[in-house]
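Thanks for coming. I will take one structure today and go through its cysteines, its sheet, one helix and a few loop residues.

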Amino acid sequence: CSFDCPYCELGLTEIRMNQLKQELPFPTVEQVDQSVRVRLRELIQEGQTVDAITIAGNGEPTLHPEFLECVQAVLGARAELATGTKVVVLTNGVHCDNKRVVHGLNQVDERMVKIDAGGESTFKRINRPLVRANLSKITSGSRKLKDVIVQSMFVQGAVDNTSLEDVEEWSEKQE
């Protein structure tokens, strides 16, 4: 992931961005396509209803070097096997300065961008970005997306974004 949030359910990020491709190879577009198709077929055979196909990755999905192509593969599998199922992407929004990422995000049914802070210092403490990122970059990038859903996590503890000032700053960013 391009963030190292202390509350992440996956734990703290031990790998740095410059090591990412070397140590954690991304699945190919073909592997993504096949995996989605296999799982959809299994669920259909079991009589399960699929509400949504969520692209979240094991961290930040827009870091995939072929993110757009992966989105198109998922959309193709959905069109063939699960018409009417929505496709959703969860993102931290940092990579919305990339036209291909924005194009991919705008092709899915829902885009959820994580914004946990309204002020820069709180953003740095709560999300601990591992790339050059700031709140303005995320909010301006999010404006390139259609129908953005903001996803936020408010936490107390070693890091805290629940003070009245923090919540008011966050609220102002959402307007």
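A disulfide, as I use the word here, is a pair of cysteine sulfur atoms within 2.5 Å. Keep in mind that this is a predicted model, and that each value I quote is computed from it.

With that cut-off, how many disulfides does a search of the whole structure find? The search gives 0. Take Cys8 as one case. The closest cysteine sulfur to that of Cys8 belongs to Cys5, and the distance is 6.6 Å, so the two are too far apart for a bond. Cys8 is partly exposed, at a relative accessible area of 26%. Cys96 is another case. Its sulfur is 13 Å from the closest cysteine sulfur, which sits in Cys1, and that is again too far for a bond. Cys96 counts as buried, with 1% relative accessibility.

Now the sheet. It is open and has 4 strands, in the order β1-β2-β3-β4, with parallel pairing. Which strands are at the edges? They are β1, residues 52–55, and β4, residues 148–151, and each of these pairs on one side only. On average, and ignoring direction, neighbouring strands in this sheet are turned by 25° against each other. Looking at β3 and β4, the two pair in the parallel sense over 4 bridges. If you want a position to find on screen, go to Lys114, whose bridge partner in β4 is Gln151.

Next is helix α5, which covers residues 120–127. Its buried residues are Thr122, Phe123, Ile126 and Asn127. Why do these residues lie on the same side of α5? Around the axis they cover an arc of only 105°, and therefore they share a side of the helix. What do they pack against? The partners are strand β3, at 110–114, and two helices, α6 at 135–142 and α7 at 164–173. So much for the helix itself.

Just after α5 comes Arg128. Its phi is positive, near 40°, and the residue is not a glycine. Arg128 is in the loop between α5 and α6. In terms of accessibility, Arg128 is partly exposed, with a relative accessible area of 30%.

There is also Asp147, again not a glycine, with a positive phi of about 45°. Where is Asp147 placed? It is in the loop between α6 and β4. Is Asp147 buried or exposed? Asp147 is exposed, at a relative accessible area of 64%.

The last residue is Thr62, in the loop between β1 and α3, the helix at 67–81. Although Thr62 sits in a loop, it counts as buried, with 5% relative accessibility. What does its side chain meet? The side chains of Thr62 and Glu60 are joined by a polar contact of 2.5 Å. Leaving aside neighbours within four places in sequence, Thr62 is in contact with Phe67, Thr91, His95, Val101 and Leu105.

To go back over the main points: the search finds 0 disulfides, the 4 strands form an open sheet with parallel pairing, and the buried residues of α5 pack against β3, α6 and α7. Among the loop residues, Arg128 is partly exposed, Asp147 is exposed and Thr62 is buried. That is all from me.

Key:
Residues are numbered from 1 along each chain as its sequence is written. This is a predicted model: local features need pLDDT of at least 70, side-chain atom pairs count only at pLDDT 80 or more; totals for chains, interfaces and linings use all residues. Side-chain values use heavy atoms; hydrogens and water are left out. Buried means under 20% relative accessible area, exposed over 50%, partly exposed in between (1.4 Å probe, protein chains only). The arc is that of the directions from the helix axis to the C-beta atoms. Contact means heavy atoms within 4.5 Å. Two strands pair if DSSP finds at least two bridges between them. Axes are lines fitted to C-alpha atoms, for helices over the stretch in contact, and angles run from 0 to 180 degrees between N-to-C directions. A polar contact is a pair of N or O atoms within 3.5 Å; within protein, one must be able to donate a hydrogen and the other to accept it, and residues adjacent in sequence count only if both atoms are side-chain atoms.
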